[in-house]
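Work through the exercises below with the model open beside you, and try each task before you read its solution.

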Amino acid sequence: ADFTADMEAFSRQMNGPAHVHRQTQTPVPAQRHWPSQGLGSLTPCHAQQHAAPSGRHRAHRAHRRQLLSSGLLLSSSILSPVARGISAACVEEAVLQPASPSGSHLNPPTYVTATGRIVAIGDLHGDWQKSIDAFRTAGVISIADGQVVWTGGDTVVVQLGDVMDRGDNEIAIVKLLRALDIQAREQGGAVYMINGNHESLNLCGDFRYVTPGAFVESALYAGLVESELRDWELLARVRLAVYKPGGPMAMELSKNSTVLVVNDTVFAHGGLLPVHAAYGIERLNNEVSAWMRADRTLEGGKASPPFLAMGDGSSVMWNRTLSKERFPSTYERFHACNALEQALHKVGAKRLVVGHTPQLGGANCECDNTVWRIDVGMSHGVLNRPAQVLEIKENEMGKAIVRVLPTGSMNSSSFDEEMGDVDL
């Protein structure tokens, strides 16, 4: 059977609770803040499918078939040794530690304080090596005896989401972020992950961008053995069970913010508009988290995410308004920057950092340095570009210095002369 056709069929029909051996579809109850006009009876997940681009599907399917024809999917060697070890360690955790009852989890943070420098890392898309490269570029890790060790002191790292899809090591990277967060907090720092549109796509059962290796990883996470990895239907159902709202990986991702403010910088995967700020970013965070946990509403149905978080191309996760490397006109630039100024004022921030849209010219800023775009397409499944990260730190005068750090910059004395700093 054609793998691609199978996966797309499963993606279309399995948006309800997923089970390994049986699937029953349950519609997501509508909430009052989902618009009634223009979307008809679309659920949050169905509406999101309309926001997803379709132009790159053919190349992605061709890549899948190439991997399948070479037999790579049937071998766990497609995962890096470190990632494979972390994934194997997750299996016991997933089986022995079931999700806690709804309502027993803390909501994700919205406003946090950093005492040291702040580092932002863009989309990683399942690429283990580029994830390591990004943290090394930030100067916050070392590797000793095969172990990744936090060396960043009180640095706060914010990863802008889209760890899922286009790469094989999704769960391994999430586990890496969590492990580094534990180590960082012992030194006064932290590592945060933002939820992006590809995290929400997987919770919706939309697996269009999932690589064969990632199907294997989620199967290993769930406890499947190598002989079961040849059953495509089983792999799809297992992944649905792992990522469905209330599933083990969904519960893990529910700990992430959708919008996070660190000191005077706001981080969001796609963008932030005045309407998002007016709705309330803490409210957005809490409602997305409740959906991921499959919390029950007062009416007895399952929680649904706000439309403004992931519903369409103007939502926080999908927005590209501020990500254009060149605005088509001065008029459009003026209105985009003016909207950003209003949104920043409402949330009490001075600048916005986003990922989501690969910047062909590298990480950059616009709107008088009030928006920074740091998705450089570093992962192998996107552009396979060298890692770049964003650093924000205060100088002796208490002013924020924002600069882009390219790969190898922590050992480069010429970076400031070549690229320059931005004093804000």
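**Exercise 1: The cysteines**

Both Cys337 and Cys367 are buried, in a model that is predicted.

Task: Find out which cysteines form a disulfide, and what the handedness of that disulfide is.

Solution. Begin with the cut-off, which asks for a pair of cysteine sulfur atoms within 2.5 Å. The sulfur atoms of Cys337 and Cys367 are 2.0 Å apart, and these two residues form a disulfide. Next, turn to the torsion about the S-S bond, which is about -80 degrees for Cys337 and Cys367, so the disulfide is left-handed. Then place both partners on the chain: Cys337 belongs to helix 14 (residues 330-347), while Cys367 sits in the loop between strand 10 (364-366) and strand 11 (371-373), so the pair ties together parts that are 30 residues apart in sequence. Finally, consider Cys365, which is in no disulfide, the nearest cysteine sulfur being that of Cys367, 9.5 Å away. By this rule, the count comes to one disulfide.

**Exercise 2: Three degrees of cover**

Task: Decide whether Cys365, Thr321 and Leu253 are buried, partly exposed or exposed.

Solution. The step needs two limits, since buried means under 20% relative accessible area and exposed means over 50%, with partly exposed in between. Cys365 has a relative accessibility of 26%, and therefore counts as partly exposed. Thr321, at 30% relative accessibility, is likewise partly exposed. Leu253 has a relative accessible area of 0%, so this residue is buried.

**Exercise 3: Two residues and their surroundings**

Task: Describe where Leu253 and Thr321 are found, and which residues they touch when those up to four places away in sequence are not counted.

Solution. Take Leu253 to begin with, which is found in helix 10 (residues 248-253). With that exclusion, Leu253 touches Arg178, Met193, Asn195, Glu199, Leu203 and Met292. Its C-alpha atom is separated by 8.0 Å from that of Ser289, although Leu253 and Ser289 are 36 residues apart along the chain. Now turn to Thr321, which lies in the loop between helix 13 (307-310) and helix 14. Under the same exclusion, Thr321 touches Phe327 and Ala336. The C-alpha atoms of Thr321 and Ala339 are 9.9 Å from each other, and these residues are 18 places apart along the chain.

**Exercise 4: The whole protein**

Task: State how many helices and strands the protein has, and what share of its residues is buried.

Solution. The protein has 15 helices and 14 strands. Of its 424 residues, 56% are buried.

Key: Residues numbered from 1 in each chain as written. Predicted model: local features only at pLDDT ≥ 70, side-chain atom pairs only at ≥ 80, totals over all residues. Heavy atoms only, no water. Helix = DSSP H or I, 4+ residues; strand = E, 2+ residues; numbered from the N terminus. Buried < 20%, exposed > 50% of the residue type's maximum accessible area, 1.4 Å probe, protein only. Contact = heavy atoms within 4.5 Å.
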